[in-house]
Structure formats: structure tokens, C-alpha cells
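Work through these exercises with the sequence and the model open. Try each task before you read its solution.

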Amino acid sequence: VGMQDVWNFDANRGTTGFNIRHRFVASYVYELPFGKGRRWANQNRAADLIFGGWNLNGITSMRTGQPYNPTLPNARIALGTAAVQQWRPDRIASGSVNDPNPERWFDTNAFARPCDASGCRLGNAGVNILTAGGQINTDFGLTKYFPLTERFRLQLPGEAFNVFNTPAFGIPNNNLESPDVGKVRSTVSTPRVFQYALRLEF
């Protein structure tokens, strides 16, 4: 994020653009209680082969969104200086909406171009005063082990990344003079992906 006023550091104080305020991560592993040496289906080799050797694992992560702020283009032309790296508008309301969605993530009417008949000036909006959408993601794995001998066994893992296919929206268009201002046109998550493998352990 560039500075608006290089001569006034106090006006550039605010949250960094990479600040993620809250993050939660949980990982888990569970071996199903079936097969040899387990609670159920442990009476014979056929039952062990079918029901035994199953392992569940996963990682669930949740985080809040990335900060950002509305901006105005062409600061050099409007203000007559190249020193303004990021021109911010005047803030006349909070800018938040009750139900943000990709078509209207923030209230664009809460910000105004700081210009009048006498010319343009620097806006009073702070640094990174709005927040983009958060992210919830679950990766899940299911593995089956096939015992061959005392030394060898086959492992058949199946994994699903973003198993619930939950989208995580990117930062909305924050250029107040863009036709798409306030709209989200990107995601920071990947769609659901499955992968399988076969591994020999010895």
C-alpha cells in the first residue's frame, strides 16, 4: 500500500494490507476401529481385509479477511504532484453493508471524491479501513492399508482439497471511478480437487 501524504506519517497510520486478524487451524487423524487388533470385525482375515486398515485425516482452517481501502485514480493529474502514491477519498459513512456479496461488498456511497470548485485535495479516509471476505477450507483424506506380509503393505490414499468446495472471495474492486467498484471479480481459493495414489511400504 502506497502512502498518500509523504510529509504526514500520522495520516498513513493504519492496518497493514497483509494483516489477518484471526486464524484457526485444526488437524485430526482417526483410525477406524475395524479389523485385526481392533474392536469390531476382527475375527478373520477376510473381515480384516475388507473393514480393517481405514484411516481418516483432515485439516480445517478458518480466517478473517484481508484489509483494504477505496482509492481514487489519477492523483498526479488531479493534485498536480507525483508524491501521492495512493489517493484516498473522503469517508462520509462507515462503508459497510449488512449482507456483503460479490455484487455489492461495500457501500460505495460512503466515499466521495475530495474535490470542489477550488480543486482537489487529499481525502480523510484512513488506511485499510474495510475488510474483504474470510476463508473456510477443509482438506480431507481417507487411506486404506492392505497388509501383504509382515514387512510389506499397500497404502491406497485418497485426498480431497477444499472438500466442501467453499469459495473465498478476493478483494473487491476498490477504484471508486470504476464501473465495477464494490464488486468482487476474483477468488483466493481453489476449487475442489481429488487425488489418489498407490504406495508400497516396507
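**Exercise 1. Classify Asp90: buried or exposed?**

Start with the cut-offs. Buried means under 20% relative accessible area, exposed means over 50%, and partly exposed lies in between (1.4 Å probe, protein chains only). Asp90 has 10% relative accessibility, so Asp90 counts as buried.

Keep the source in mind. This is a predicted model, where local features need pLDDT of at least 70 and side-chain atom pairs count only at pLDDT 80 or more, while totals for chains, interfaces and linings use all residues. Residues are numbered from 1 along each chain as its sequence is written, and side-chain values use heavy atoms, with hydrogens and water left out.

**Exercise 2. Find which residue forms a salt bridge with Asp90, and say what the pair ties together.**

Step 1: recall the rule. A salt bridge is a side-chain nitrogen of Lys or Arg within 4 Å of a carboxyl oxygen of Asp or Glu.

Step 2: find the partner. The side chain of Arg121 meets that of Asp90, with N to O at 2.5 Å.

Step 3: place both residues. Strands (E, at least two residues) are DSSP runs, numbered from the N terminus. Arg121 sits in the loop between strand 7 (119-120) and strand 8 (130-131), and Asp90 in strand 4 (residues 90-91), so the salt bridge ties together parts that are 31 residues apart in sequence.

Step 4: check Arg121. Its relative accessibility is 43%, so Arg121 is partly exposed.

**Exercise 3. State how many salt bridges the whole structure has, then examine Glu103 and Glu177.**

Step 1: count. The search finds seven salt bridges.

Step 2: take Glu103. Its partner is Lys183, and the closest N and O atoms are 3.9 Å apart. Glu103 lies in the loop between strand 4 and strand 5 (111-112), and Lys183 in the loop between strand 10 (153-161) and strand 11 (193-196), so the pair ties together parts 80 residues apart in sequence. Glu103 is partly exposed at 46%. Lys183 is partly exposed at 22%.

Step 3: take Glu177. Glu177 and Arg113 meet in a salt bridge of 2.3 Å, N to O. Glu177 is in the loop between strand 10 and strand 11, while Arg113 is in the loop between strand 5 and strand 6 (115-116), 64 residues apart.

Step 4: look for shared partners. Salt bridges join Glu103, Asp180, Lys183 and Arg185 into one network.

**Exercise 4. Identify which cysteines form a disulfide, and give its handedness.**

Step 1: recall the bond. A disulfide is a covalent bond between the sulfur atoms of two cysteines. The cut-off is a pair of cysteine sulfur atoms within 2.5 Å.

Step 2: apply it. The structure holds one disulfide. Cys115 and Cys120 form it, with sulfur atoms 2.0 Å apart.

Step 3: read the angle. It is 110 degrees about the S-S bond, and the link of Cys115 and Cys120 is right-handed.

**Exercise 5. Describe the surroundings of Asn162.**

Step 1: locate the residue. Asn162 is in the loop between strand 10 and strand 11. At 2% relative accessibility, Asn162 counts as buried.

Step 2: follow the side chain. It reaches the backbone oxygen of Thr190 at 2.8 Å.

Step 3: list the contacts (heavy atoms within 4.5 Å). Not counting residues up to four places away in sequence, Asn162 touches Asn137, Thr138, Asp139, Thr190, Pro191 and Arg192.

Key: Helices (H or I, at least four residues) and strands (E, at least two) are DSSP runs, numbered from the N terminus. A polar contact is a pair of N or O atoms within 3.5 Å; within protein, one must be able to donate a hydrogen and the other to accept it, and residues adjacent in sequence count only if both atoms are side-chain atoms.
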